Amino acid sequence: MIKQILGRIPRKPSKSSQNDAYNDGGVNGIGPNSINSSKSSNSGSGNSRTSNGVLAPLSSKPSQSKKPGQVGPLLFSGAYEALPSFRDVPSAEKQGLFIKKLNMCCVVFDFNDPWKNVKEKDVKRQTLLELVDYISSVNSKFNEVTMQEITKMVATNLFRTFPSLSHEKKALESYDQDEEDQMLEPAWSHLQVVYEFLLRFVASPETDAKLAKRYIDQAFVLKLLDLFDSEDQREREYLKTILHRVYGKFMVHRPFIRKAINNIFFWFIFETQKHNGIAEMLEILGSIINGFALPLKEEHKLFLVRALIPLHKPKCVSMYHQQLSYCITQFVEKDGKLSDTVIRGLLKYWPITNSSKEVMFLGELEEVLEATQPSEFQRCMVPLFRQIGHCLSSSHFQVAERALFLWNNDHIRTLITQNRQVILPIIFPAMEENARSHWNQAVRSLTLNVRKIFSDIDQELFDECLATFQEDETKEKETQEKRESTWKRLEAVASSKSLNNEADLVSRFASNAISTSQKPRTTSGS
């Protein structure tokens with residue numbers, strides 16, 4: 001009986017249920033660094049801070065729950081007002097105000113509608129600017145709670161998924177569009193300040209790397225790398241600077257960052273061939289490769305062979321070729337023995353029908369050859385100058401012209417001169433044909449200059465190559481004449497046989513006609 005009476009008495013709500021009520025509808029952290037909202041209350045002002053950092057009046061009614069399927073940061077339905085400035089509070093309260101402002105900036109607004117929440121957007125931007133100024137002037141080490149709140153705010157604002165629809169609609173021709181046609185991030189007025197905040201936090205001497213690595217962890221780095229696919233050039237520039245600072249400050253993450261970039265390259269080369277941030281990643285890698293210690297690790301050599309060299313394969317290589325060429329040249333300058341591997345890799349992916357891409361390859365080849373030692377040059381000069389010979393005889397004048405410009409480089413001309421006994425016989429036919437019959441006057445004049453270089457250095461070898469070329473030309477003419485005469489004989493035989501066959505057919509037809517006409521007569525006579 002007593003149990004029944006007690007069961008009818010309303011129970012006192014538990015603390016956990018109250019907390020759930022106040023936290024429902026707040027901001028959830030995005031990505032792997034999702035951090036549960038804080039559950040502290042501000043007893044001095046009589047307000048309760050929700051999980052998105054907005055100060056809301058304390059009420060016995062729980063806030064509205066999320067709608068089913070609603071994901072990501074939510075805008076709190078209460079008031080969104082500016083907090084006091086750092087100048088207006090004592091030094092002892094600045095740390096707490098900093099945390100409150102961080103939580104306040106966890107609200108993410110919809111920028112697709114420029115007229116929506118205009119006042120609140122301006123309040124948030126001013127708050128973000130205050131945070132940037134504060135983090136630049138702080139003179140004490142950031143503690144663990146502060147780092148947790150910082151990474152939470154950064155993750156909430158930056159980490160997002162780009163719409164896949166635009167990627168599906170975009171073909172490879174989109175890489176040729178002008179900068180004016182590039183899509184710009186509508187929320188850039190807020191994102192820019194958040195990126196600046198993150199950059200100053202990472203670069204700050206008050207950020208202890210040993211403590212910060214718990215929050216700027218591998219999952220955080222992966223999310224940063226995902227953002228490189230942004231279509232906004234301004235965002236990719238910030239990401240490039242921030243990731244480079246992260247690589248320099250957090251030594252524990254260095255192998256992971258290189259491996260993650262490697263995986264992105266694999267996915268780009270062999271799967272999608274669509275990514276907006278390859279040039280920026282290569283720019284970071286150029287600085288990283290420049291700092292590699294000697295001798296190079298096997299891991300770095302494999303990265304060159306498996307990732308960097310195959311990056312010459314995609315059609316959109318022109319978008320990042322300058323950065324790629326720099327990375328390749330850095331490897332050759334670090335270890336001269338890699339020049340043979342690089343040159344053979346270029347020959348493997350050498351374009352056949354794309355003339356503009358072929359001109360880019362010739363430019364990169366010149367940079368690689370400039371750092372190549374004679375011993376390594378001799379290992380690859382035969383297949384290399386076979387390809388250069390094809391370029392010399394190209395009907396596209398820019399390809400032939402760019403190949404002839406190789407002789408303007410003193411180091412390359414010296415390498416060719418030292419190995420002229422092998423090289424000149426390979427390229428002589430192409431040069432001779434250019435000098436005689438190429439349609440472009442500039443190509444003909446450049447070819448004559450190269451011929452003069454060889455004749456001045458070794459007239460005897462030049463005469464031998466010329467005699468060999470003339471003999472081959474004579475043999476080719478004889479072979480052509482024999483081929484034509486053989487075809488004429490075959491045509492004559494074929495025509496004579498056709499006439500004989502026609503005569504045979506006529507005689508057979510006549511005999512058959514006579515025999516058929518005689519058969520009825522014998523029948524009637526009988």
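**Exercise 1. In which loop is the place of Gln-273?**

*Solution.* The model is predicted, so some cut-offs apply: local features need pLDDT of at least 70, side-chain atom pairs count only at pLDDT 80 or more, and totals for chains, interfaces and linings use all residues. Residues are numbered from 1 along each chain as its sequence is written, and side-chain values use heavy atoms, with hydrogens and water left out.

Step 1. Helices are DSSP runs of H or I with at least four residues, strands are runs of E with at least two, and both are numbered from the N terminus. Gln-273 has its place in the loop between α11 (254-272) and α12.

Step 2. The backbone is considered next. Phi of Gln-273 is near 55°, a positive value in a residue other than glycine.

Step 3. A residue is buried under 20% relative accessible area, exposed over 50% and partly exposed in between (1.4 Å probe, protein chains only). Gln-273 therefore counts as buried, at 18% relative accessibility.

**Exercise 2. Describe the chain as a whole.**

*Solution.* Step 1. The chain has 22 helices and three strands.

Step 2. Of its 526 residues, 42% are buried.

Step 3. A contact means heavy atoms within 4.5 Å. Among contacts between residues at least 6 apart in sequence, 75% join residues at least 24 apart.

Step 4. Accessible areas come from the Shrake-Rupley method with a 1.4 Å probe, and for residues only the protein chains shown count as cover. The chain exposes about 29400 Å², of which carbon and sulfur atoms supply 52%.

**Exercise 3. Which residues of the largest nonpolar core touch the most other members?**

*Solution.* Step 1. A nonpolar core is a set of buried Ala, Val, Leu, Ile, Met, Phe, Trp, Tyr and Cys residues joined through side-chain atoms within 4.5 Å. In soluble globular proteins, nonpolar side chains tend to be buried together.

Step 2. The largest such core has 134 residues, and those touching the most other members are Met-153, Phe-197, Phe-265, Leu-282, Leu-308, Tyr-320 and Phe-385. Helix α7 (residues 188-203) gives the largest share of this core, ten residues.

Step 3. Leu-308 serves as an example. Not counting residues up to four places away in sequence, Leu-308 touches Phe-265, Leu-282, Ile-289, Phe-303, Leu-324, Cys-327, Ile-328 and Phe-331.

Step 4. Met-153 can be located relative to Cys-106: their C-alpha atoms are separated by 5.2 Å, although the two are 47 residues apart along the chain. Cys-106 is in the loop between α3 (91-104) and α4 (118-137), and this cysteine is buried, with a relative accessible area of 0%.

**Exercise 4. Examine the geometry and surroundings of helix α17.**

*Solution.* Step 1. The expected span of a helix is 1.5 Å times one less than its number of residues. A straight helix of 19 residues would span 27 Å, whereas α17 (residues 374-392) spans only 23 Å between its end C-alpha atoms.

Step 2. The bend at a residue is the angle between axes fitted to the seven residues ending there and the seven starting there. At Met-381, α17 bends by about 60°, and Pro-383 follows within four residues.

Step 3. The buried residues of α17 include Phe-377, Cys-380, Met-381, Leu-384 and Phe-385. Among the elements that cover the buried residues of α17 are α15 (339-348), α16 (355-370) and α20 (420-437).

**Exercise 5. Which residues are joined with Arg-379 into one network of salt bridges?**

*Solution.* Step 1. A salt bridge is a side-chain nitrogen of Lys or Arg within 4 Å of a carboxyl oxygen of Asp or Glu. By this rule the count comes to 22.

Step 2. The side chains of Asp-340 and Arg-379 form a salt bridge (3.6 Å, N to O). Asp-340 lies in helix α15 and Arg-379 in helix α17, so this pair ties together parts that are 39 residues apart in sequence. Asp-340 is buried at 8% relative accessibility, while Arg-379 is partly exposed at 49%.

Step 3. Glu-376 also pairs with Arg-379, the closest N and O atoms being 3.1 Å apart. These two residues are separated by about one helical turn, because they are three residues apart in helix α17.

Step 4. Salt bridges that share partners thus join Asp-340, Arg-344, Glu-376 and Arg-379 into one network.
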